Amino acid sequence: MAYNIFFDTETTGIAAEDQIIQIGAIITDTKGELYKQGIYDELCSSKIPIKLEAMSTHGIRQAELDGKPEFQKTQFWNALNELNSNENYLIAHNLLFDLGMLEKHNFKNECQIIDTLKCAMHLFDVKIPHVSAGLNQIDLIEEEILDKSNNIVPNYKLQTFRYKLFSKEEEQIEARKYGVAIKAHDAIGDVLILKMFLKVLFFRAKEKFDLKNQEVMSKLVELSSKPAKVKMFLFGKYRGMNVEDVFHSDRGYLEWLLREQDKLGEKCDKNMKYTLRELLKI
């Protein structure tokens with residue numbers, strides 16, 4: 001029996017020294033039945049103080065960690081290691097960040113990984129209003145973004161997909177099913193949205209690639225490992241513009257941007273670097 005380990009972390013910050021201070025997880029089998037306890041919503045102590053910027057994001061104060069166990073003594077840590085095998089799936093949004101945090105606590109992953117952020121980049125298109133667009137065009141884009149049936153989003157944040165895809169009533173039904181509360185930037189609330197989002201990705205991948213149900217999870221694992229083509233700039237002077245359009249109008253900018261990505265080495269945006277190399281045929 002394969003298990004899906006949906007998880008999210010809150011941390012003391014995002015620097016190399018930072019650590020996990022909250023873990024939220026839902027673990028189910030392929031039929032949706034919970035594994036043992038199944039729901040994990042645990043605060044944990046850290047030798048690294050919470051940084052103010054992180055605190056302002058997740059709202060966890062240092063005093064709340066007093067008397068809490070270290071991460072490696074949490075119930076989730078025990079369950080994670082019990083299920084740490086290739087037949088199971090480790091699932092998160094921007095998984096490399098959360099997996100990196102687990103690895104700081106000496107976790108060596110053996111599970112297959114599904115990054116819903118990377119999958120979303122393969123299965124959804126970004127479109128955002130640009131300042132040069134006419135008001136009618138902006139209204140049209142907003143209507144497309146709000147249409148649940150299409151694949152248009154303004155960005156790939158998990159909360160963006162939450163508000164595009166799920167009604168409050170749908171969230172409440174799922175929350176009651178598992179006995180959890182949903183709120184932004186809270187680990188267990190984000191995990192519930194993550195679980196709902198995976199179901200959307202499952203059926204989009206099944207339709208796009210004409211797959212059988214038993215083939216879809218392997219496809220999501222594959223998509224999670226492949227760089228995704230960046231379709232639109234979300235930063236810089238060309239923010240909101242199609243990357244291919246910029247290639248035709250200002251090839252030099254893409255050449256410069258690729259050089260900047262090369263300078264970053266392993267810290268580069270691998271999706272952007274892949275896109276630039278494909279366009280520039282380098």
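Select Lys36 first: in this predicted model, the residue sits in strand 3, which covers residues 34-43, and its relative accessibility of 62% is over the 50% cut-off, so that Lys36 counts as exposed. While Lys36 is still selected, check its backbone torsions, since phi is near 50°, a positive value in a residue that is not glycine.

Move next to Asn106, which lies in the loop running between helix 3 (95-104) and strand 5 (112-115). Here too phi is positive, at about 70°, although Asn106 is not a glycine, and with a relative accessibility of 61% the residue counts as exposed.

**The whole chain**

Zoom out now and colour by secondary structure, which should bring up twelve helices and seven strands in the protein. The radius of gyration is 20 Å, close to the 19 Å that the globule rule gives for 282 residues, so the protein is as compact as a globular protein of that length. If you align the view to the principal axes, the C-alpha atoms fill a box of roughly 60 × 40 × 35 Å. A surface representation can be set beside two computed values: the accessible surface comes to about 14900 Å², with 51% of it belonging to carbon and sulfur atoms, and 49% of the 282 residues count as buried. Should you draw a contact map, consider the contacts with a separation of 6 or more, of which 61% are accounted for by residues 24 or more positions apart.

**Two buried aromatic residues**

Which element holds Tyr253? Select helix 11, residues 251-264, and Tyr253 will be found within it; its relative accessible area is 10%, under the 20% cut-off, and so Tyr253 is buried. Show the side chains around Tyr253 and, leaving aside the neighbours within four places in sequence, you will find it in contact with Phe233, Phe235, Gly236, Lys237, Tyr238 and Val246. For one of these contacts, Lys237, the distance can be checked directly: the C-alpha atoms of Tyr253 and Lys237, which are 16 residues apart along the chain, are separated by 10.0 Å.

Is Phe166 buried or exposed? Go to the loop between helix 6 (158-165) and helix 7, where Phe166 has its place; the residue is buried, with a relative accessible area of 12%. With neighbours within four places in sequence set aside, its contacts are Phe161, Glu171, Ile193, Met196, Phe197 and Val200. A distance drawn from the C-alpha atom of Phe166 to that of Leu211, 45 residues further apart along the chain, should read 24 Å.

**The second largest pocket**

Rolling a probe the size of a water molecule over the atoms shows where empty space is left. Turn, then, to the second largest pocket, whose volume is about 510 Å³. Of the 18 residues that line this pocket, select Asn4, Thr30, Lys195, Leu198 and Lys199, which are the closest to its centre. The elements that give two or more residues to the lining are strand 1 (3-11), strand 2 (20-29), helix 7 (168-178) and helix 8 (187-208).

Which element gives the most to this lining? Highlight helix 8, for it provides seven residues. To finish, colour the lining residues of the second largest pocket by class, which gives eight nonpolar, four polar and six charged residues.

Conventions: Residues numbered from 1 in each chain as written. Predicted model: local features only at pLDDT ≥ 70, side-chain atom pairs only at ≥ 80, totals over all residues. Heavy atoms only, no water. 1 Å grid on protein atoms, 1.4 Å probe; cavity = no way out; pocket = protein on both sides within 12 Å on 5 of 7 lines; lining within 4 Å. Points joined across faces, edges and corners; volume = space filled by probe spheres on them. Helix = DSSP H or I, 4+ residues; strand = E, 2+ residues; numbered from the N terminus. Nonpolar A, V, L, I, M, F, W, Y, C, P; charged D, E, K, R; others polar. Rg over C-alpha atoms; globule rule 2.2 N^0.38 Å. Buried < 20%, exposed > 50% of the residue type's maximum accessible area, 1.4 Å probe, protein only. Contact = heavy atoms within 4.5 Å. Areas by Shrake-Rupley, 256 points an atom, 1.4 Å probe, with all protein chains shown as cover.
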